[in-house]
Amino acid sequence: MGYSRQSDPRDYPGVVTTLIVILAVLLPGGLAFSLYRYLNGPVPDPAVALPAKKSTPEPAEPSTRPDASIDDAEFGDWNYRLGDVAFKAQKVSGRTYDSCAPVDRQGTLAENGCERAVQLAYSAYKGHLTAVQVIMSFPTAKDAKATAQQLASSSRAVKWSRDKMLGKYVYGRIRSDATNRYVVLTAVTADRTAQARAARFHQHLHADHLGYFLFRDPA
């Protein structure tokens, strides 16, 4: 089941406060921004820069089975609005893995008990911006938090589809955080045409999918 979201916090009294409290508890210290600053303040830049590539809401609809395994079919095109902020991106591919082995580069995910993963690819602004997300599920929130802390210092622990990204880009960043028992890693590249919108797009896509799991699978 794909989903589209048109988010407006006025339709959900108390949701923003809940997100602030929960994300502040779950995110690693250096990445624990308040949701207000994360979504509405000046764009922070905690994202890890992508290494240079060699040349060659309405909240998401909660799952009908909160404990169901994650699946890429849960995510469709990204249609997002929060106040006067709006973004759209086309989902160009999605894969579901029955284990985390296909995305585990250094064994970090296995060490923390990673159970399942999905990989999503998006395109926006007529292909001038691309995004890849790897979403991983763990046995407990503690396992997810430990993984996010490790990824904060070494995002190379996760393998993701570089062929879905731009070969040449002026914006290239990775964000990774945990929410409940899930870890979301979001990589975005943009060329000069989309550069001015890339950081904010990245910020909201990443935060929106983190927030999705607060509704899908409440702690």
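## A buried ring in helix α5

At 0% relative accessibility, F201 counts as buried, and this phenylalanine makes a good way into the structure. Please keep in mind that the model is predicted. W78, with 1% relative accessibility, is buried too.

The two rings form an edge-to-face pair, because their centres are 5.2 Å apart and their planes meet at 80 degrees, and an angle over 60 degrees falls in that class. W78 belongs to strand β2 and F201 to helix α5, so the pair links parts of the chain that are 123 residues apart.

## The overall layout

Let us step back to the chain as a whole. Its secondary structure amounts to 5 helices and 7 strands. Read from the N terminus, the order of elements is α-α-β-β-β-α-β-β-α-β-β-α.

Of the 219 residues in the chain, 50% are classed as buried. The accessible surface is about 10200 Å², and carbon and sulfur atoms account for 51% of that area.

## Aromatic pairs and a ring cluster

A pair of aromatic rings is described by the distance of the centres and the angle of the planes. Searching the whole structure turns up 9 aromatic pairs. One of them joins F75 and Y212 in an edge-to-face arrangement, with 5.1 Å from centre to centre and 65 degrees between the planes. F75 sits in the loop between β1 (48-49) and β2 (78-82), while Y212 is in helix α5 (residues 195-216), so this contact ties together parts that lie 137 residues apart in sequence. Both F75 and Y212 are buried.

The rings of W78, Y80, F87, Y125 and F201 are linked by ring pairs into a cluster. Y125 has a charged partner as well: the charged end of R197 sits over its ring, 4.0 Å from the centre. A similar arrangement involves Y171, with the charged end of R173 placed over the ring at 5.6 Å from its centre.

## Helix α5 and the nonpolar core

Helix α5 deserves a section of its own. With 22 residues it should span 32 Å, and its end C-alpha atoms are indeed 32 Å apart, so expectation and model agree. Of these 22 residues, 16 are buried, which means that the helix is largely enclosed by the rest of the structure.

In soluble globular proteins, nonpolar side chains tend to be buried together. Here the largest nonpolar core has 27 residues, and those touching the most other members are F75, W78, Y122, L129, I135, F201 and F213. At least two residues of this core come from each of β2, β3, β4, β5 (129-137), β7 (182-190) and α5. Helix α5 is the element that gives the most, with 6 residues.

## One disulfide

Finally, a look at the cysteines: the structure holds 1 disulfide. It is formed by C100 and C114, whose sulfur atoms are 1.9 Å apart. The torsion about their S-S bond is about -60 degrees, so the disulfide is left-handed.

C100 lies in the loop between β3 (85-97) and α3 (108-111), and C114 in the loop between α3 and β4 (116-124), with 14 residues separating the two in sequence. Both cysteines fall under the 20% limit for buried residues, because C100 has 4% relative accessibility and C114 has 13%.

Notes. Residues are numbered from 1 along each chain as its sequence is written. This is a predicted model: local features need pLDDT of at least 70, side-chain atom pairs count only at pLDDT 80 or more; totals for chains, interfaces and linings use all residues. Side-chain values use heavy atoms; hydrogens and water are left out. Rings of Phe, Tyr and Trp (its six-membered ring) pair if their centres lie within 6.5 Å; planes under 30 degrees apart count as stacked, over 60 as edge-to-face and the rest as tilted. Helices (H or I, at least four residues) and strands (E, at least two) are DSSP runs, numbered from the N terminus. Buried means under 20% relative accessible area, exposed over 50%, partly exposed in between (1.4 Å probe, protein chains only). A charge sits over a ring if NZ of Lys or CZ of Arg is within 6 Å of the ring centre and within 35 degrees of the ring normal. The expected span of a helix is 1.5 Å times one less than its number of residues. Accessible areas come from the Shrake-Rupley method with a 1.4 Å probe; for residues, only the protein chains shown count as cover. A disulfide is a pair of cysteine sulfur atoms within 2.5 Å. A nonpolar core is a set of buried Ala, Val, Leu, Ile, Met, Phe, Trp, Tyr and Cys residues joined through side-chain atoms within 4.5 Å.
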